[in-house]
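Biologist: Please show me the structure, and then let us discuss the terms used to describe it.

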Amino acid sequence: MKNLTVRVKLTLWFSVLIILITAISFTLMLVISNSVLKTNAKEALQSVIETNAQEIEYIADPADEEQETGDQYIVYKDGYLEIDDDFLNESYGVYTALYDRDGSLLYGQNPINAPVTAGGSILKMTYGGEKYYTLCYALSGENLDGLTLLGTINENANKTVLTRIVNLSLIVLPVLALLAIVVGCLLAWYFLSPIRKITSSAESISDGNDLSKRIETGKNDELGRLADAFNKMFARLEKSFEKERQFTSDISHELRTPVATILAQCELTLEKERTAAEYKKALNVIDRQSRRMKNTVEQMLQYTRLERLETLPDPAPVDLSGLFKDIAEEQKIRNINAITIESDIDDGIILNGSSDLLAGLINNLISNAFRYGRENGHIFLSLKENENEIVLSVKDDGIGISDEEKQNIFNRFYQADKARTSNGKYSGTGLGLSIAAAAAKLHGGHIDVESEVGRGSTFSFIIAKN
Ligand code: ADP
């Protein structure tokens with residue numbers, strides 16, 4: 001059963017159900033018709049006997065009466081009993097017999113020799129292995145006292161009709177059941193055909209390893225929605241595979257340069273004996289490139305971790321004002337390029353989130369302001385809160401960013417001024433802003449940038465309050 005297709009299973013269940021329904025209908029029909037048959041027999045018995053009772057009359061002399069052909073006359077007492085021609089001798093299976101006070105049969109038939117009783121109610125008796133109903137009816141009227149009409153009817157008197165119905169049902173019901181099974185089978189095939197289509201499309205997508213293909217969705221019913229769900233899953237898979245592929249290519253591209261530099265440096269240095277100063281110089285190059293690789297790998301890991309998170313794992317209230325002030329103090333003492341830091345940080349601004357991620361974000365914006373600031377320049381830090389939002393900004397008066405570059409700076413590994421960042425003292429990885437943007441997003445905010453080439457940039461971390 002486990003290995004059967006849904007279509008076969010459906011058809012089997014459906015067939016069992018139809019056969020069961022047919023069998024139950026047939027049994028019910030038999031039971032009901034049997035009971036109807038019995039009730040009908042009793043009713044026929046009662047009705048025929050009552051009718052016949054009206055058709056018997058005592059007359060002194062038939063000559064005094066208007067005679068009709070078919071009327072019967074039986075000598076009784078000093079006169080006659082007139083049995084009207086409307087008297088039903090054998091009707092609807094009912095036999096009627098007329099008995100006198102002594103129990104002698106005067107007229108009619110009693111084929112089962114039923115006893116004459118006080119009467120009034122229908123009795124049941126068995127004769128020759130069959131069941132019969134009998135009814136004794138005491139006549140009343142002038143000179144009729146003591147006469148009894150006895151009616152008998154076979155319980156199954158009108159069975160021929162029932163037998164016909166049963167025989168007909170025995171043919172019709174199985175034919176109908178068969179027809180229902182065939183129709184059910186066709187319906188199962190028809191309604192399951194979209195599933196076959198979905199399966200073959202999904203198989204061709206997985207066989208061909210082509211996640212850009214999609215399943216035809218067709219109608220907007222349950223199966224259409226299933227195909228839609230599959231397509232969405234393929235789209236997500238395609239996107240994540242593409243991301244994975246892009247990331248691997250980016251990372252190998254980023255690591256290729258420092259590895260190549262280290263190898264070249266080693267080869268060159270090992271070519272011949274060098275002085276201590278030359279070895280030191282070579283080791284410095286190797287050291288710088290190794291650090292760059294270490295930074296790239298660390299930041300890449302951090303970025304991947306953040307990008308995979310949908311929400312912050314353990315958010316807690318963070319004193320953003322205190323954190324920003326502490327970082328500003330630490331940065332002031334770095335005294336890079338003789339840049340001075342000024343700040344206007346409002347107190348008591350609390351944000352629900354991760355203090356580590358927020359510190360990383362702020363540090364990144366300030367490091368960039370140093371890195372791309374100008375000598376003897378300024379960095380201006382500000383934190384403000386109004387009823388709609390919290391705005392943390394880092395402003396510098398450095399090299400600025402062109403409009404064209406602005407669109408790319410949040411892309412990972414993007415570095416607008418590569419020559420300066422990779423060779424300079426503060427070489428970056430091109431991942432800082434991507435990490436900062438991912439952290440901002442996890443805190444329900446985003447990073448905005450305003451900049452003018454040659455005049456400086458302002459990076460703002462904005463969190464809307466709801
Ligand atoms: P990087 O490690 O190169 O700093 P980021 O992701 O932090 O990587 O920044 C990406 C690029 O955006 C930088 O290479 C630089 O060109 C530009 N950028 C970032 N901050 C500033 C800034 N304050 N002024 C000018 N350019 C900036």
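Modeller: A polar contact of 3.1 Å joins the side chains of Asp-403 and Lys-406. Please bear in mind that this is a predicted model.

Biologist: What makes the pair Asp-403 and Lys-406 a polar contact?

Modeller: The cut-off for a pair of N or O atoms is 3.5 Å. The side chains of Asp-403 and Lys-406 are joined at 3.1 Å, so the pair counts as a polar contact.

Biologist: Where does Asp-403 lie, and why is Asp-403 called exposed?

Modeller: Asp-403 belongs to helix α7, which covers residues 403-406. Its relative accessibility is 55%. Exposed means over 50%, and therefore Asp-403 counts as exposed. Along the chain, Asp-403 and Glu-450 are 47 residues apart, while their C-alpha atoms are separated by 9.3 Å.

Biologist: Why does Lys-332 count as partly exposed?

Modeller: Lys-332 has a relative accessibility of 33%. Partly exposed is the class between the limits of 20% and 50%, so Lys-332 is placed there. This residue is part of helix α5, residues 320-332. Beyond four places in sequence, Lys-332 touches Ile-341 and Ser-343. Ala-416 is 84 residues from Lys-332 in sequence, and the two C-alpha atoms are 26 Å apart.

Biologist: How do you know that Asp-250 is buried?

Modeller: The relative accessible area of Asp-250 is 15%. Buried means under 20%, and therefore Asp-250 is called buried. Asp-250 lies in helix α3, residues 222-270. Apart from neighbours within four places in sequence, Asp-250 is in contact with Arg-412 and Phe-413.

Biologist: Let us turn to helix packing. Why are α6 and α9 called oblique to each other?

Modeller: Two packed helices are described by the angle between their axes and the distance between the axes. Helix α6 (residues 355-371) and helix α9 (residues 432-442) pack at an angle of about 140°, and their axes are 9 Å apart. Roughly antiparallel requires an angle over 145 degrees, and roughly perpendicular covers 65 to 115. The angle of about 140° fits neither class, so α6 and α9 are oblique to each other. In addition, α6 passes α9 in a left-handed crossing.

Biologist: Which residues make the contact between α6 and α9?

Modeller: From α6 come Leu-357, Leu-361, Asn-364, Leu-365 and Asn-368. From α9 come Gly-432, Leu-433, Ala-436, Ala-439, Ala-440 and Leu-442.

Biologist: How many residues of each class does the contact of α6 with α9 have?

Modeller: The contact has 8 nonpolar residues, 3 polar residues and no charged residues. Gly counts as polar by definition.

Note on methods:
Residues are numbered from 1 along each chain as its sequence is written. This is a predicted model: local features need pLDDT of at least 70, side-chain atom pairs count only at pLDDT 80 or more; totals for chains, interfaces and linings use all residues. Side-chain values use heavy atoms; hydrogens and water are left out. Helices (H or I, at least four residues) and strands (E, at least two) are DSSP runs, numbered from the N terminus. Buried means under 20% relative accessible area, exposed over 50%, partly exposed in between (1.4 Å probe, protein chains only). A polar contact is a pair of N or O atoms within 3.5 Å; within protein, one must be able to donate a hydrogen and the other to accept it, and residues adjacent in sequence count only if both atoms are side-chain atoms. Axes are lines fitted to C-alpha atoms, for helices over the stretch in contact, and angles run from 0 to 180 degrees between N-to-C directions. Angles under 35 degrees count as roughly parallel, over 145 as roughly antiparallel, 65 to 115 as roughly perpendicular and the rest as oblique. A crossing is left-handed if the near helix is turned anticlockwise from the far one by less than a right angle, and right-handed if clockwise. Contact means heavy atoms within 4.5 Å.
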